[in-house]
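Here are my notes from going through your model. I've kept them as numbered points so you can follow along with the structure open.

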Amino acid sequence: MSLKSEIFEQPAVLERLLQQQRERAVEMARTILARGVTSVFLAARGTSDNAALYAKYLWGSVNRLPVALAAPSLFTIYGTPPNLEGSLVVGISQSGQSPDIVAVLSEGRRQGALTLAITNDPASPLAGQAELVLETCAGPEGAIAATKTYTTQLFAIALMSVALKGEAQQFETLERLPRLVEETLALDSAIERAAQRYRYMSQCVVIGRGFNYATANEWALKLKELAYVVAESYSSADFQHGPIAIVSHGFPILAVVPKGAVFEDAYRLLSSLVEEHGAELVVVSNDATALALAKTPLPLPAELPEWLSPLVSIVPAQLFCYHLTRAKGYDTESPRGLLKVTRTW
């Protein structure tokens, strides 16, 4: 297996996750609802932290649950954990090995909170601390950079949202996701050609908002760890509160702007960046007007619900990072200084 083969494996692993975990998710949703959970407390690191951002927006919007992201050092270093009464305490981790994330679930359980692990390893320490375990079914991931483990985390989060909501037709929408990811992988050759243009890029900004703020953060992370690009991620709103001052003619802006509630806001910003600042855009979108602003347009499938768009919009970003890394002459499988499992306290 290679990074590229793992990217291309994503339609199959998403389908497997839905087939193997759908009923389990429904059962867990019943348990969560029966416990009268009033909020969600999420713990994650790295790529999984970006998946947690998606959960913050999805569970907050669709399931109307207040969602907070943990500061694990309050549990492990300061020894002053917050009150978790009434919360669903969720740990998200590919390996389930990091002691600080395990510590958050352990403390949640000690306080009597319901605990849930979303992990690719159901035998991990994280899973051992959780009353509920949702396996992401990604299978072995050999490349250092997480790809299929990230999208399966997103899918597990979406699956839990649908199960909690209890609307049967939304399961049908989930069933369409593997096909939409498959369609998007067809951009591979075009992205390989486009990446050559950016082989000397050393810095950039990645913009997304709402559900795709998670995508912006994950794209920026992959640019850093694979292509060694100084990539900063912003919501389209936050970018206007100061950081926009760094943009000059030719400055690369990578943007994730599918159709949806935040599209108009993001489109106005991108138009301004091109017309007033001379920025160069790479745009991931299923809107023709947004794609027309870009030097490098990366189209998404037309019929893509906004709440599920991060599962598809991350795919061209992954391919962009893979091909940019190769264009720069770097190793796509073993980025310098990184290990597959990172343990923090």
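The points below go from the sheet to the helices on it, and then to a few single residues.

1. First, a reminder that this is a predicted model. Please read everything below in that light.

2. Start with the sheet. Five strands make it up, in the order β7-β6-β8-β9-β10, and the sheet is open with parallel pairing. The edge positions go to β7 (230-234) and β10 (296-299); each has a single partner strand, so one side of each has no neighbour in the sheet. From one strand to the next, the twist averages 15 degrees. As a general reminder, strands of a sheet pair through backbone hydrogen bonds, in either a parallel or an antiparallel way.

3. Now two of the pairings. Between β6 and β7 there are five bridges in the parallel sense, and Cys204 sits opposite Ala231 in β7. Strands β8 (residues 252-256) and β9 (residues 280-285) also run parallel and are joined by five bridges. There, Ala255 is the residue facing Val283 in β9.

4. How enclosed is β6 by the rest of the structure? Largely, because four of its five residues are buried.

5. Next, the helices lying on the sheet. Helix α10 (residues 213-227) lies across β6 (203-207), β7, β8 and β9, and its direction is at about 175 degrees to β7. Helix α14 lies across β8, β9 and β10, running at about 135 degrees to β9. If you display both helices together with the strands, β8 and β9 turn up in the list for α10 and in the list for α14.

6. The two helices also pack on each other. The axes of α10 and α14 come within 9 Å and cross at roughly 15 degrees. Since angles under 35 degrees count as roughly parallel, that makes α10 roughly parallel to α14. The crossing of α10 past α14 is right-handed. On the α10 side, the contact uses Thr215, Glu218, Trp219, Lys222, Leu223, Leu226 and Ala227; α14 supplies Pro310, Ser313, Ile314, Ala317, Phe320, Cys321, Leu324 and Thr325. By class, that contact of α10 with α14 comes to 10 nonpolar, three polar and two charged residues.

7. Helix α14 (residues 310-327) has another helix packed on it: α9 (residues 188-195), at an angle of about 45 degrees, with the axes 8 Å apart. That makes α9 oblique to α14. Here too the crossing is described as right-handed, with α9 passing α14. From α9, the residues involved are Asp188, Ile191, Glu192 and Ala195, and they meet Pro316, Leu319, Phe320, His323, Leu324 and Ala327 in α14. This contact of α9 with α14 has seven nonpolar, one polar and two charged residues. Note that Phe320 and Leu324 of α14 are listed in the contact with α9 and also in the contact with α10.

8. Two residues to check for backbone geometry. Most residues other than glycine have a negative phi. Cys137, however, is not a glycine and has a positive phi of about 60 degrees. You will find Cys137 in the loop between β5 (132-135) and α7 (148-165). Is Cys137 buried or exposed? Its relative accessibility is 4%, so Cys137 counts as buried. Tyr228 is the other residue to look at: it is not a glycine either, and its phi is positive at about 60 degrees. Tyr228 is in the loop between α10 and β7.

9. Then Pro243, which is in the loop between α11 (236-239) and β8. With 18% relative accessibility, Pro243 counts as buried, because the cut-off for buried is under 20%. Leaving out residues up to four places away in sequence, Pro243 touches Tyr234 and Asp238. The C-alpha atoms of Pro243 and Gly329 are separated by 30 Å, and the two residues are 86 residues apart along the chain.

10. Last, Ser189, which belongs to helix α9. At 41% relative accessibility, Ser189 counts as partly exposed. From C-alpha to C-alpha, Ser189 and Ser73 are 43 Å apart in space, with their positions 116 residues apart in sequence given as the separation.

Definitions and conventions: Residues numbered from 1 in each chain as written. Predicted model: local features only at pLDDT ≥ 70, side-chain atom pairs only at ≥ 80, totals over all residues. Heavy atoms only, no water. Axes fitted to C-alpha atoms, helices over the stretch in contact; angles between N-to-C directions. Parallel < 35°, antiparallel > 145°, perpendicular 65-115°, else oblique. Left-handed = near helix turned anticlockwise from the far one by under 90°. Contact = heavy atoms within 4.5 Å. Nonpolar A, V, L, I, M, F, W, Y, C, P; charged D, E, K, R; others polar. Pairing = 2+ DSSP bridges. Buried < 20%, exposed > 50% of the residue type's maximum accessible area, 1.4 Å probe, protein only.
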